[in-house]
Amino acid sequence: MKILAIIGTPTRQAGFTTQTVDVLANSIREKSDAEIEYLYLEDVPLSRCQGHLTCVKFGEQQCPVGSDMEPLLRTMRAADGVIFASPVHCFNVSTLMKNFIDLLVYQMHRPEFFGKKAVVVTSAAGAGQKGVLKYLRKTASIWGFDVVGQFGTHAGLFKAENYQPKLQRAADKVAGNFVSAIRQNKWPEPGVAELINFRVWRSVVRRSEDASPYDWAHWQKAGWLEQDYYYPAKPGLVANGLAGLVEKMIERAIRTAGVTPLT
């Protein structure tokens with residue numbers, strides 16, 4: 001079992017985010033024979049995303065800085081599970097993690113990590129853990145990961161004697177779910193949020209053959225333009241119906257230019 005921890009703290013081993021990953025990793029090792037690799041984004045020479053969307057419209061191979069991501073992507077693809085870890089910086093992920101996510105914007109359009117399991121991790125001196133965990137969960141899920149757990153800690157309490165048992169119990173719970181999910185290797189049935197996300201992208205891509213030819217060709221080749229989800233699934237009638245309703249609303253808004261600026 002190979003697990004990759006992608007850590008977005010500039011303080012590397014000294015940071016509480018890494019220490020949080022350490023606690024989780026130790027629990028994972030107690031429950032499995034997992035090999036756990038730490039990858040610090042601070043040590044990866046990633047260029048800053050320019051936001052041109054070249055990777056979306058014409059393919060990630062055409063991105064002028066896309067080659068920076070190739071070694072990292074190969075490592076992600078080889079892993080059975082991935083831990084995405086970022087400290088809370090101003091109620092959001094760190095600059096390192098955000099740039100990493102921005103450089104993978106095409107994964108929002110053309111996800112590839114279906115079947116792989118993920119856990120998201122954060123630590124904060126104060127508040128903001130819930131928002132960062134929610135953002136990381138949503139991002140990894142859109143890339144195709146089955147996010148099976150989250151683990152957020154309070155840096156100011158990390159060494160406190162009465163906090164340690166709580167920390168260990170939480171780590172053991174998340175580690176157990178992570179190891180079990182990797183071993184079972186089941187693809188999850190999509191929920192309402194996942195179905196809606198797929199339908200929204202499908203509505204956009206169907207109308208983007210000229211604007212984003214690479215995106216459109218990828219969806220056509222994958223068969224996604226005619227499917228109700230990325231892979232064969234049996235969603236509930238209610239979830240499927242809600243997703244269909246939202247899709248019709250989005251299509252109408254696109255067709256009539258019914259979206260207004262936010263004020």
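This text follows helix 8 of a predicted model, from its geometry to its salt bridges and the largest pocket.

Helix 8 covers residues 192-206. With 15 residues at 1.5 Å a residue, the expected span is 21 Å, and the end C-alpha atoms are 21 Å apart, so the two values agree.

Several residues of helix 8 are buried: Leu 195, Asn 197, Phe 198, Arg 199, Trp 201, Arg 202, Ser 203 and Val 205. The cover over these buried residues includes helix 5 (106-109), helix 6 (129-142), helix 9 (213-222) and helix 10 (237-256). Two arginines, Arg 199 and Arg 202, are among the buried residues of helix 8, and the next step is to see what they pair with.

Side chains of opposite charge can pair when their charged atoms come close. The structure holds ten salt bridges. In one of them, Glu 247 pairs with Arg 199, with 3.3 Å between the closest N and O atoms. Glu 247 belongs to helix 10 and Arg 199 to helix 8, so this pair ties together parts that are 48 residues apart in sequence. Both Glu 247 and Arg 199 are buried.

Glu 247 also forms a salt bridge with Arg 202, where the closest N and O atoms are 2.8 Å apart. This pair again links distant parts of the chain, Glu 247 in helix 10 and Arg 202 in helix 8, 45 residues apart. Glu 247 has a relative accessible area of 6%, and Arg 202 has a relative accessibility of 5%. Because buried means under 20% relative accessible area, Glu 247 counts as buried at its 6%, and Arg 202 counts as buried at its 5%.

Arg 202 has a further partner in Asp 228, with the closest N and O atoms 3.3 Å apart. Asp 228 lies in the loop between helix 9 and helix 10, 26 residues from Arg 202 in helix 8. At 42% relative accessibility, Asp 228 counts as partly exposed, whereas Arg 202 is buried. Through shared partners, the salt bridges join Arg 199, Arg 202, Asp 228 and Glu 247 into one network.

Helix 8 also contributes to the largest pocket, as do helix 6 and strand 5 (146-154), each supplying at least two residues of the lining. The largest pocket holds about 490 Å³ of space. Its lining has 20 residues, and Ser 141, Ile 142, Ala 193, Glu 194 and Asn 197 lie nearest the centre. By type, the lining divides into eleven nonpolar, four polar and five charged residues. Asn 197 thus appears in two places in this account: it is a buried residue of helix 8, and it is one of the lining residues nearest the centre of the largest pocket.

Definitions and conventions: Residues numbered from 1 in each chain as written. Predicted model: local features only at pLDDT ≥ 70, side-chain atom pairs only at ≥ 80, totals over all residues. Heavy atoms only, no water. Helix = DSSP H or I, 4+ residues; strand = E, 2+ residues; numbered from the N terminus. Expected span 1.5 Å × (residues − 1). Buried < 20%, exposed > 50% of the residue type's maximum accessible area, 1.4 Å probe, protein only. Contact = heavy atoms within 4.5 Å. 1 Å grid on protein atoms, 1.4 Å probe; cavity = no way out; pocket = protein on both sides within 12 Å on 5 of 7 lines; lining within 4 Å. Points joined across faces, edges and corners; volume = space filled by probe spheres on them. Nonpolar A, V, L, I, M, F, W, Y, C, P; charged D, E, K, R; others polar. Salt bridge = Lys/Arg side-chain N within 4 Å of Asp/Glu carboxyl O.
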